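Work through the exercises below with the model open. Each task is followed by a solution in steps.

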Amino acid sequence: MKKTSVIILSGVVILFLVSWLVKGASLSGEENPYLQGFLTTFAAFLTLAVFSFLYRDNPFYKFAEHLFVGASAAYWMTLGFWQTLVKKLIPKLSDGLANFFEVPTEEHSYWYFLPVILGLLLLMRLSKKGGWLSRWPLAFIVGYTAGINFVGYLRSDFVKQVSSTFVPLLIDWQGVGHFFSNFSLAIDGQFVMMLANVVIFVGVLCGLVYFFFSKEHTGLFGTASRVGIWILMITFGASFGYTVMGRISLLVGRLTFLFKDWLGLIS
Amino acid sequence: MTYLLRVLLTLALLTGTAVFAQGEPPAVDTTLVDTTTVAPPAPVTGLTGKDRDNDHGHAIELTWTPSVDDLENPSGARSVLRYRIMMWKPTEAYRVDTLRQMYDMVRSNYAPIRVYKPLVDSALILIDQGMVDVSALPFEVLLPEGINRTDAPAEMMKYVRKALQDTLAAMTAQVDISKDSVKVFRSNFLAAVESLPEAFNANGPSSGHGAWDSVGAEVPGATFFRHAGSKEEVSPDFLPDYADLYYRVDAATSDPAVYTASDVCGPVQASGQWYNSGRTVVLISVIIFTILTVVFVQQARRGKELYVRPLAGIEAVDDAIGRATEMGKPILYVLGLGAASDIATIASFTILSRVAKRVAEYQTQLIVPTYDPIVMTVAQEVVKSSYLDAGRPDDYNEDIVYFVTQSQFAYVAAVNGVMLRQLPATNVYMGKFYAESLILAETGALAGSIQIAGTDEIAQIPFFVVACDYTLIGEELYAASAYLGGEPVLLGSLKAQDYAKALFVVCAVAGFLTLILADATGAHWLAQFKQWFMVAD
């Protein structure tokens, strides 16, 4: 290990210990103050370790990454076992096992042996000879979902979209004279609402043309396709800005933890 | 160093904002409430009820004409502040409610009592055998004031023994904790539920055997209420099918004691329908799409060449694999966070198959970290088949595709680590992506990799567009899988989708024109065209 690395590591360890002790002392009125102080300091350390990735890859980030991956993998496995197998499956299959795991028994249903069998077939991957059996549950999962989604998507992404595109070009139309004498750029004004409907109609048609794969995008078709991709990009731009603002709020949440819960700089 | 300073400056600014953005609490509105006594309002009239169409049953729809004294009616007394919807419940229905509560109570008490009763039993046995150390008990004992662990053990144990005996008596009295008690309560409850329709049919309001029960409320001006009960028998909102139901609507005022009931409406019965006529248009669409798919798949199988326009993102895949081979660096393929049953993930498997085949031919390294164990299993099969197709089964290694974790950001952290440590020449992101899309794509860009992405998650496409070299937008991902796979089924379905889109355009134009014509000519029947495409929930 290089001398610089040893110095940095020692510095971080000392800072951690100081923070732990100071935080523990500041929580002296609460239950287990030094345990609470350790947990808060450790959480702050992990947060800063992840932020250090902004500079470059380093041992602190690697530590946080491996801890996060390991802990989450174990957590999800445990959660899957207790919430799915123990809580939902076992009470419906066996009183003995339900008593063993101390969960309430439920009315038995032998249909639940079907997922058990499919699950066991999945595990056949571990066998060299019976590995092919694991393809059956996979085929079942992919097949049944494709079938269910077929009707669902056709309804939500096709038929409902068709009816949503039926928008009137003229809204509250009382003649050209009335239109110009009451012309307004207000968001709920006649002109803006009619313009919005035209944009919806043209945007949907040109967007569909862009996603038409059976014809080369040249000539009039190509022009419509280019309009379509422009409309898509403008939409993506708006979506990008909106989501980035959401991410900033997440960052603020993390910084609030650091400066309020850890350092106590925010009251 | 400059980069580090920028990051620190940004953090400092954000902190400052958080510190100073602490404002005053809003002022409290202190509106006074008029408690003057009100006269009984005029009743609701024309109350009618009917079974809700196109549903699974257990729902009734009521319509009425509001009271003349409705708050929304300026010409009346405006004393009606809400409408209370009442349903007649026969005595038997209340008995079912009681049985349901008992069954719930037994169920919820069964588990803890089963856990704690043996503990209490064994503790009592130990105390009877002369145990004197309270801290040896398998649970914590809260002692009353004045008694502590240093006091005489006999006195303390006397108290603990009494407390445990009381606890045991309370447990035994609360429920029958025999092994089959839950089943007995359940069967009693279900038998009562089964007889519920007969009880409703035989005991209407005129019988006097029952009472009016509130099932909902509506705001002033309302003329409609849907009593959507639950189909689950164990739910307190369970509403039986094929039972005679009677309703009335109370015009309620600010004084809870002052209201006027409408005439009783009923009997009406709820029932489910086998066919949802509100979704006929979906059935027609399914038939048309299926016919189109079958026709084009057959054409593709007969050898007819079906044209699919080139996609820049997919054309770039081969170049990117070549670049990785020349640089001697690996290719990272990320399948996203979708399940194996997601359409985007299924499309991604096809693209992975092509990438893996090329990788095997060029003898380049491939890395496929996965989020979902089932996706990992399918991806292993896909990659294995591709190596076999390329004639290099010996080069296949089980570690090419591996599972990371099912926690979203832990997965991202791991993939980011792979990007920065193994420095892949090419990153391919195809499938379902969520909030991790920008983190992945940004890290890949920092690592200097060529990046090709494709997803059908609309909210994530912008991030791929800004941070990747090529992006497949939405349906292009599905088209890419058909284009690369070249299989008749995929090509045929892609063609069918294109013709469905053409049909969409025709319908949209027709709808748009009919609305314009309806406005221009006053022929409002033309606007009914839109109704053909309205889908019931």
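**Exercise 1. Which residue of S13(B) stands opposite Thr426(B)? Place the pair in its sheet.**

Step 1. Thr426(B) faces Ile450(B) in S13(B). Strands here are DSSP runs of E with at least two residues, and helices are runs of H or I with at least four, numbered from the N terminus.

Step 2. Go up to the strands. S12 of chain B covers residues 426-432, S13 of chain B covers residues 450-455, and five bridges join them in parallel. Two strands count as paired if DSSP finds at least two bridges between them.

Step 3. Go up to the sheet. It is open, with six strands of chain B in the order S11-S10-S9-S12-S13-S14 and parallel pairing. The edge strands of chain B are S11 (401-403) and S14 (470-473), each paired on one side only. From one strand to the next, the twist averages 15°.

A note on numbering: the model is predicted, with local features needing pLDDT of at least 70 and side-chain atom pairs counting only at pLDDT 80 or more, while totals for chains, interfaces and linings use all residues. Residues are numbered from 1 along each chain as its sequence is written, and chains are lettered from A and ligands numbered from 1 in the order in which they are written.

**Exercise 2. Which strands of chain B does helix H7 lie across? Do the same for H9(B).**

Step 1. H7 of chain B (residues 312-327) lies across S9 (331-336), S12, S13 and S14 of chain B. It runs at about 145° to S13(B). Axes are lines fitted to C-alpha atoms, for helices over the stretch in contact; angles run from 0 to 180 degrees between N-to-C directions.

Step 2. H9 of chain B (residues 373-389) packs on the sheet and touches S9, S10 (366-370) and S11 of chain B. Its direction makes about 170° with that of S11(B). Contact means C-beta atoms, placed from the backbone, within 7 Å.

**Exercise 3. What is the strand order in the three-stranded open sheet of chain B? Find bridge partners.**

Step 1. The order is S1-S2-S5 in chain B, and the pairing is antiparallel. S1 and S5 of chain B are at the edges with a single partner strand each, so one side of each has no neighbour in the sheet. Neighbouring strands are turned by 15° against each other on average, direction ignored.

Step 2. Take S1 (residues 45-51) and S2 (residues 59-65) of chain B: five bridges join them. Thr45(B) has Thr65(B) as its partner in S2(B).

Step 3. Five bridges also join S2(B) to S5 (residues 224-228) of chain B. Thr63(B) is partnered by Phe224(B) in S5(B). Ile60(B) is partnered by His227(B) in S5(B).

**Exercise 4. How many residues of chain B are in contact with chain A? Break the interface down.**

Step 1. The count is 66 residues of chain B against 60 residues of chain A. H14 of chain B (residues 488-521) gives the most to the chain B side, with 14 residues.

Step 2. Sort that side by class: 46 nonpolar, nine polar and eleven charged. Ala, Val, Leu, Ile, Met, Phe, Trp, Tyr, Cys and Pro count as nonpolar, Asp, Glu, Lys and Arg as charged, and the others, Gly among them, as polar.

**Exercise 5. At what angle do H6(A) and H6(B) pack? Compare the pair H8(A) and H14(B).**

Step 1. H6 of chain A (residues 135-165) and H6 of chain B (residues 280-301) pack at about 105°, with axes 10 Å apart. They are therefore roughly perpendicular. The classes: under 35 degrees is roughly parallel, over 145 roughly antiparallel, 65 to 115 roughly perpendicular, the rest oblique.

Step 2. Contact residues include Phe158(A) of H6(A) and Phe289(B) of H6(B). The contact has eight nonpolar residues, one polar and one charged.

Step 3. The axes of H8 of chain A (residues 190-210) and H14(B) come within 10 Å and cross at roughly 165°. That makes H8(A) roughly antiparallel to H14(B).

Step 4. Among the residues in this contact are Phe201(A) of H8(A) and Lys501(B) of H14(B). The division is eight nonpolar, no polar and one charged.

Technical notes:
Contact = placed C-beta atoms within 7 Å.
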